[in-house]
Amino acid sequence: MKIGLDLVKVGDCYLPGLTLAPPNRSLGKYGLLRLRYLKEHRPIVWAELAMGGRLCAHLLEIEDTAQDLLDSTMPGMAKKTGVAEALQAHALCAGQGRWGKVQ
């Protein structure tokens with residue numbers, strides 16, 4: 001009976017020969033945080049995504065969504081606290097203290 005998986009013999013056991021396709025771009029902070037969360041707190045979801053070949057796409061989607069949310073939220077927060085754009089870009093000491101409180 002063939003179930004569609006290639007099995008690899010390791011010692012006395014046969015294990016599924018699973019490989020992950022490399023993502024077309026690297027994961028950022030939020031994709032890696034999601035990966036860590038899935039591995040530690042939702043191992044069944046992580047395994048299903050990994051075995052189904054959907055893990056990389058899921059992590060990239062989380063990364064994009066989080067980055068879009070951050071990009072839309074931070075300018076309003078910076079304006080509300082009075083941090084100037086020039087100070088954000090150059091991370092000068094005078095504005096860095098207030099910018100740190102925003103994040």
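1. A strand here is a DSSP run of E with at least two residues, numbered from the N terminus. On that footing, L7 sits in strand β1, which covers residues 7–10. Keep in mind throughout that we're looking at a predicted model.

2. While we're at L7, have a look at its surroundings. Leaving aside residues up to four places away in sequence, L7 touches Y14, L15, P16 and G17. There's also a C-alpha separation to note: L7 and L18 are eleven residues apart along the chain, and 8.7 Å lies between their C-alpha atoms.

3. Now the overall layout. The protein chain has five helices and two strands, and reading from the N terminus the order is β-β-α-α-α-α-α. Out of 103 residues in the chain, 16% count as buried. As for contacts between residues at least 6 apart in sequence, 48% of them join residues at least 24 apart.

4. A word on confidence before you set anything up with this model. The protein chain has a mean pLDDT of 79, with 70% of its residues at 70 or more. Where is confidence lowest, and where is it highest? The low end is helix α5 (residues 93–102), with a mean of 52, and the high end is α1, at 95.

5. Next, the packing of α1 against helix α2, the latter being residues 43–51. Their axes are 5 Å apart and the angle between the two helices is about 120 degrees. Angles of 65 to 115 degrees count as roughly perpendicular and those over 145 as roughly antiparallel, so α1 and α2 end up classed as oblique to each other. On the α1 side the contact is made by L35, L38, K39 and H41, and on the α2 side by P43, V45, W46 and L49. Sorted by class, that contact comprises six nonpolar residues, one polar and one charged.

6. L35 deserves its own point. This leucine lies in helix α1 and has a relative accessible area of 16%. The cut-off for buried is under 20%, so L35 counts as buried. Which residues does L35 touch, once those up to four places away in sequence are set aside? They are W46, L55 and L59. Take W46 to begin with: L35 and W46 are eleven residues apart in sequence, and their C-alpha atoms are 7.9 Å apart in space.

7. Then there's L55, another of the residues that L35 touches. L55 belongs to helix α3, which spans residues 55–81. Is L55 buried or exposed? Its relative accessibility is 4%, so L55 counts as buried. Along the chain L55 and L35 are 20 residues apart, with 8.6 Å between their C-alpha atoms.

8. Last, the electrostatics. How many salt bridges does a search of the whole structure find? It finds one. The partners are E40 and R36, whose side chains meet at 3.1 Å, N to O. Why can these two pair up along the helix? E40 and R36 are four residues apart in helix α1 (residues 29–41), so about one helical turn separates them. On accessibility, E40 is partly exposed at 49% relative accessible area, whereas R36 is exposed at 52%. The line between those two labels is drawn at 50%, so don't read much into the different wording for E40 and R36.

Technical notes:
Residues numbered from 1 in each chain as written. Predicted model: local features only at pLDDT ≥ 70, side-chain atom pairs only at ≥ 80, totals over all residues. Heavy atoms only, no water. Salt bridge = Lys/Arg side-chain N within 4 Å of Asp/Glu carboxyl O. Buried < 20%, exposed > 50% of the residue type's maximum accessible area, 1.4 Å probe, protein only. Axes fitted to C-alpha atoms, helices over the stretch in contact; angles between N-to-C directions. Parallel < 35°, antiparallel > 145°, perpendicular 65-115°, else oblique. Contact = heavy atoms within 4.5 Å. Nonpolar A, V, L, I, M, F, W, Y, C, P; charged D, E, K, R; others polar. pLDDT = per-residue confidence, 0-100.
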